[in-house]
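Work through the exercises below with the sequence and the model open. Each task is followed by a solution in steps.

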Amino acid sequence: MSAGLDGRGSSMSASAGDREAGSPLDGAKEEISGPTCSGENSKHDSAVCTGNSEIKSRAVVKYSAAPPPTSYALLQEKTDLKLPPANWLRENPQLGSAGTTILGSSSKSKPFSSFGMAYDFIDCIGDDVDVVSDSENIKKLLKIPYSKSHVSMAVHRVGRTLLLDELDIQELFMRSSQTGDWTWLKEFYQRLIDQKWQRKKKSKEHWYQKAILSKFLYYSINGDGAAEPVPDHLNEGEEEDGAEELSSSWPTTFTSTQSDAVESDAPKQESVPVDSKFALGQVTSVPKEQNLPMLFNEGENSQGLRNDFVRNIMWTFEDIHMLVGSNMPIFGGGRYPAVSLRLRDNNKPINILTGIDYWLDNLMCNVPELVMCFHVNGIVQKYEMIKTEDIPHLENSTFSTRVVKDIAQNILSFLKSNCTKEGHTYWLFKASGSDIVKLYDLTTLCEEAEEEKCQNPFTLPVAVLLYRVASNLMLKARQNRKHYGTIRTLLLNCVKLLDQERHPQIIASAHYMLSELFQLDEPPQEEGGESLRAAGSEDSYSDEDREEEEEEEEEDAELTEDSDENSSYSSCSRPQDDSKAVAVIRSVGELSVPEKYKSTHQIRPSCAFPVSQDKEEKCRHVLSYVLKGLKAVDGTIKKESDLPAADPNTPIPLKYEDRSAIGACTAETGISVREREGPLEADQKHLTRSGMIPGSWQHRMKLQLFLKASKAYYVLSDAATNLLKYGRALRYIKLSLQCYDAYSSVSGTLHPQVLQFHSQCLSLCGDIQLMLAQNANNRAAYLEEYSYQTKEDQEILHSLHRESSCQAFNMATDLAMDPEYQLFVSSKCYEAGYELLVSEALKDHASDQLAQVLKRLGNIRNEMGVYYMNQAAAMQTEKEVKTSVSIAEQEMWKKSFAFFEKGMKDFEAIGDRTNTALLLCNTGRLMRICAQAHCAISADQSRGEFSPEEALYYNKAIDYYLRAMRSLASRESHPAVWDSVNWELSTTYFTLATLLQDYAPLSRKAQEQIEREVTEAMMKSLKYCDLQTESARQPLYQYRAATIHHRLASMYHSCFRNQVGDEHLRKQHRSLAELHYSKAVCLFLSLKDAPCELLRTLLERVAFAEFTMAGQSSSAAKLKSLTGAIEIMTETRSAFQLIHNELLEEQIELSEPDPAESAECPDVNSGPASGLNLHEVMKLIGVFEPSFSFLLLQLIKLMTTMKRKPSNKDEELLKTYKNVYSKLLRAEKNAPLLSRVKLHIELLQQLTPQTGSDDTGLHS
């Protein structure tokens, strides 16, 4: 079947009329973008039945410039079409742009017609649509197996969409002789395809047929208004476009049916390079506010990229979705609302090519019927009406619709399988009379060419389309990250195609969008990041093996039998040809075989977004794109030499103020930001430092890039802070603030969100300076991190210096060596951030951020308060001679107190009760330091009496601690802080009481009053000793409580000794002393690690018993007192046991010394026991031994001189006492401490059962 059809097709090739009627308005100009016809705009599904098969076709008009169809004028028989009608060549909306077409000057399918459609329907591109093309190109492809005509088309891939455009090789070669652009292609064509290439001329018959078709259409316009002038509502811009249209850059014939194109006599603009002629109305940058209005100079010719079709139709043919441009005039009439009108020579029968033409045109435009007007030599003969579904069955032009469907699917699969690289221009070529279809990659051929810079006119439109599709997807990507990989691929390919010198704006904008793909502020993905794997190369949508035919096959065997007829057209079977072709269809007959070319490719492969979860890597990607964008912008403004040189490697020195003048420094070097909030009117009128015009695309692009860089450096700084790399963090925040400085120096107004971000930067800078102040030990490492700089950072800084000196934040970001200055800088950063947030511009935004900054402010003020408080404490410690309080100390107190006060206000402003309590607690500590500084020193440098100033400050401290307790309200609110305040309060009361007791101000107060005050303070301290709660402080509380009881007991003991007269008071003091001694002993016993304190308390208690005995007269009372004293003395056994255990442990440690240690410490025995004060132990033993001897001696004396007869028990006791007493007397005074302690334990053990005292639990 194929051979016969091909033969018939070729025999008709000389006829001008057989296919021209199928495309009467091929080059029609866009006319009226008014309301579309409701009939045309409606969705219409048509199923075309052919025998037992059915073809699914559905067409939806997306756009129509034509008015609603009106009925055509039925011409009278014998009408002579050679005579022009009155309205000929006048513009008429019914004919679309055919109205103003000067015969022969309208271009046929424009070289970039698919791009114009793609720009208008950018939403469909890349995903929803398989093919975008002129309807003529679609028809030409589907007729390949039936026709011997040559096919030459440019194919471009954008996502899963293919853009098809006629590539008029002969027109290109005519141009190349003048411009030299396509010389490489011409040479390639002549060498491999057609050595005898020459321009072919159109016949006179061709022009004759064109003329009568044009006149026929004008005659067919119905009604009186046939010759009306241009409608008024056509706007001026469209008129201008119409005028420009007449000087088409690649003019060709009226229709596109012949294999040859005609050189037009119309004026051409050959001298203008094609690359520079295509303008773009609007390139959308993301986000929407920053639209880039013009890519090129407005005066340049804007033709070529406009959508010039009367109709744009979304045509679904079986499973292929196509966006088609059509200029076919549609008329109303007959039984249907729409018909197409055709003119046929009655002497020439309709052939299969014309039939397919008519059928496809009607399917694409949803036209159910066609009206055929037959003529003989221009004289109208008759009309005939044919239904669209009947066209495939017309006599002489029968064809199978199912085969046409298979051809469409095969061609699409072939192209999709082989046109894989985005941004590349592919060339689908079939020579006249050949059966072989070849696909070349012109981009690769161009790169291989020897010329310096080969020009490909498609480069710019492709790049712009890639850019626009990416921009469009970017808007969707806000909701769906799955688009990110696609956008990245589109943009990288776009940038690859463009020359930075010629198209800096698209390049800058593309790099900005690439940087925008990296969301720096989003949390890391939980689900293992399905979109974060690199799949697919940058420029290709598939890495699978392509379906290539084996190049070694012999071509001659593949040619169909009838191809010899036309072998004179070209010599197309040379084997070397294949080495350059990407893919080859060996025979056009293959296209009719169902699923012969089945694409193995994914329609939309997962263009995953290769992004690491590592924040630093993300930011580095962003900064590399920002830098490329900045370079593109900078290249368009001024050359480097025109600017003051700014070496990014040279740090700008920061002038330090004298430390004593920090108050003045605060006023002078504060980080002021308020004056930058409003619009800077002056800036709007003047060029920026580098010479940019405010409002220009460079200006807007730089703002976006500076801000993006600032954000990236902020994230890097934050990440470094989390890693405790504070030097690196400070370097990054410095760069971030320098980017912001450059941004604000070129920006007229600062958006609230930008100010908010700036506040965050200042807060982070404050955090870093605070951490540097607190980690002074690692300063050398931090300095090394801070000084390091990457080449990329240097280049970005260099770009920043073109717009700004970048010195506004030097104070904030300098690495100082002085912690005090760092704290000061940190507070200034927070203050500046706070001022921004409460300014007019931001007062209605960012309440959360304000709370955070206030918290930081409170914290830094606390830190500074603590710093000055510690300075004051250090001054106190360093003083060799304690004199009166120095001025410097008082200054430190004042500063510290002022910072604590401010900090409290900050925390109160946000209702932070816990931190308020902490600051009150710190203020209490400051008061205690003030109290310590005021202690009185007597002439001999010994501690004087407790002074009233000390009392005042201690009481102030107590007030602050009580306020802190009230701020917290209960322990549940914050147990740790509550416990801390509780401890400090107890400590302050205890210190106050101790000082009052030890250095009693007897010169000012009576003894009784002091005793009352001491008791009161001690009892309050005891009240805050939390003995129940299990915590790390519990043993400390127990020790303190024991000490308080011991001290109170000692005080009452002393009062009892010294009290004369009031017997009732003496009894009271005695009982209180007994009570507190017993409580102290119990608490010390429970502690297990205070043997000395336990021993001292017991010895004091024994002394108290002895003193009581001294005042007794009867021997029975004395005996009772002595027995009681001995019982108390036996309790010391547990204290001695603890001392013995510790001494033993120490001896064991020393008896097996480490060789190295023994060499270092030869005199090990002289060292004190760990945790045991040997001097204190010796002193206490020195008190214990005589006291024990005295008690035993008195008992022995008393028991032997008793008048009553002693019982057996008494005799036993006496014997034991004598035995113990004798051993004690005979004990060697110079014996080692351990043996003496052991002896005491044995002696006390002997007494224990005799006294009946149950202390078996004290042996631990």
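A residue counts as buried when its relative accessible area is under 20%. The model is predicted, and by this cut-off 57% of the 1260 residues of the protein are buried.

**Exercise 1. Overall make-up**

Task: State how many helices and strands the protein has, and what share of its contacts joins residues 24 or more positions apart.

Solution.
- Step 1. The protein contains 40 helices and 14 strands.
- Step 2. Take the contacts with a separation of 6 or more; residues 24 or more positions apart account for 78% of them.

**Exercise 2. Nonpolar cores**

Task: Find which residues touch the most other members of the largest nonpolar core.

Solution.
- Step 1. The largest nonpolar core has 257 residues, and Leu185, Trp427 and Phe1188 touch the most other members.
- Step 2. Helix H19 (residues 697–722) supplies the largest share of this core, 13 residues.
- Step 3. A second core, separate from it, has 60 residues, including Met322, Ile356, Tyr358 and Ala408.
- Step 4. As background, nonpolar side chains in soluble globular proteins tend to be buried together.

**Exercise 3. Helices H29 and H30**

Task: Describe how helix H29 packs against helix H30.

Solution.
- Step 1. Helix H29 spans residues 948–968 and helix H30 spans residues 975–998; their axes lie 10 Å apart at an angle of about 160°.
- Step 2. Angles over 145 degrees count as roughly antiparallel, so H29 is roughly antiparallel to H30.
- Step 3. The H29 and H30 crossing is left-handed.
- Step 4. On the H29 side, the residues in contact include Tyr954, Ile958, Tyr961, Leu962 and Met965. They meet H30 residues, among them Trp978, Val981, Leu985, Tyr989 and Leu992.
- Step 5. Sorted by class, this contact has 15 nonpolar, four polar and two charged residues.

**Exercise 4. Helices H38 and H39**

Task: Carry out the description for helix H38 and helix H39.

Solution.
- Step 1. The axes of H38 (residues 1174–1200) and H39 (residues 1208–1226) cross at roughly 145° and come within 10 Å.
- Step 2. H38 and H39 have a left-handed crossing.
- Step 3. Among the H38 residues making the contact are Glu1185, Phe1188, Leu1192 and Ile1196; the H39 residues include Asp1210, Leu1214, Lys1218 and Tyr1221.
- Step 4. The class count for H38 with H39 is 12 nonpolar, two polar and three charged residues.
- Step 5. Phe1188 also appears in Exercise 2, as one of the residues that touch the most other members of the largest core.

**Exercise 5. Three single residues**

Task: Is glycine 116 buried or exposed? Is arginine 1101 buried or exposed? Is serine 326 buried or exposed?

Solution.
- Step 1. Glycine 116 lies in helix H4 (residues 113–120). Its relative accessibility is 0%, so glycine 116 counts as buried. Leucine 465 is 349 residues from glycine 116 in sequence, yet their C-alpha atoms are 9.4 Å apart.
- Step 2. Arginine 1101 is in helix H34 (residues 1091–1110). At 14% relative accessibility, arginine 1101 is under the 20% cut-off and therefore buried. Setting aside residues up to four places away in sequence, arginine 1101 touches Glu1074, Tyr1077, Ser1078, Val1081 and Ile1128.
- Step 3. Serine 326 belongs to strand E7 (residues 320–326). Serine 326 has a relative accessible area of 1% and is buried. Beyond its neighbours within four places, serine 326 contacts Ser135, Phe309, Val310, Arg311, Ile313 and Cys365.

Terms used: Residues numbered from 1 in each chain as written. Predicted model: local features only at pLDDT ≥ 70, side-chain atom pairs only at ≥ 80, totals over all residues. Heavy atoms only, no water. Core = buried A, V, L, I, M, F, W, Y, C linked by side-chain atoms within 4.5 Å. Buried < 20%, exposed > 50% of the residue type's maximum accessible area, 1.4 Å probe, protein only. Helix = DSSP H or I, 4+ residues; strand = E, 2+ residues; numbered from the N terminus. Axes fitted to C-alpha atoms, helices over the stretch in contact; angles between N-to-C directions. Parallel < 35°, antiparallel > 145°, perpendicular 65-115°, else oblique. Left-handed = near helix turned anticlockwise from the far one by under 90°. Contact = heavy atoms within 4.5 Å. Nonpolar A, V, L, I, M, F, W, Y, C, P; charged D, E, K, R; others polar.
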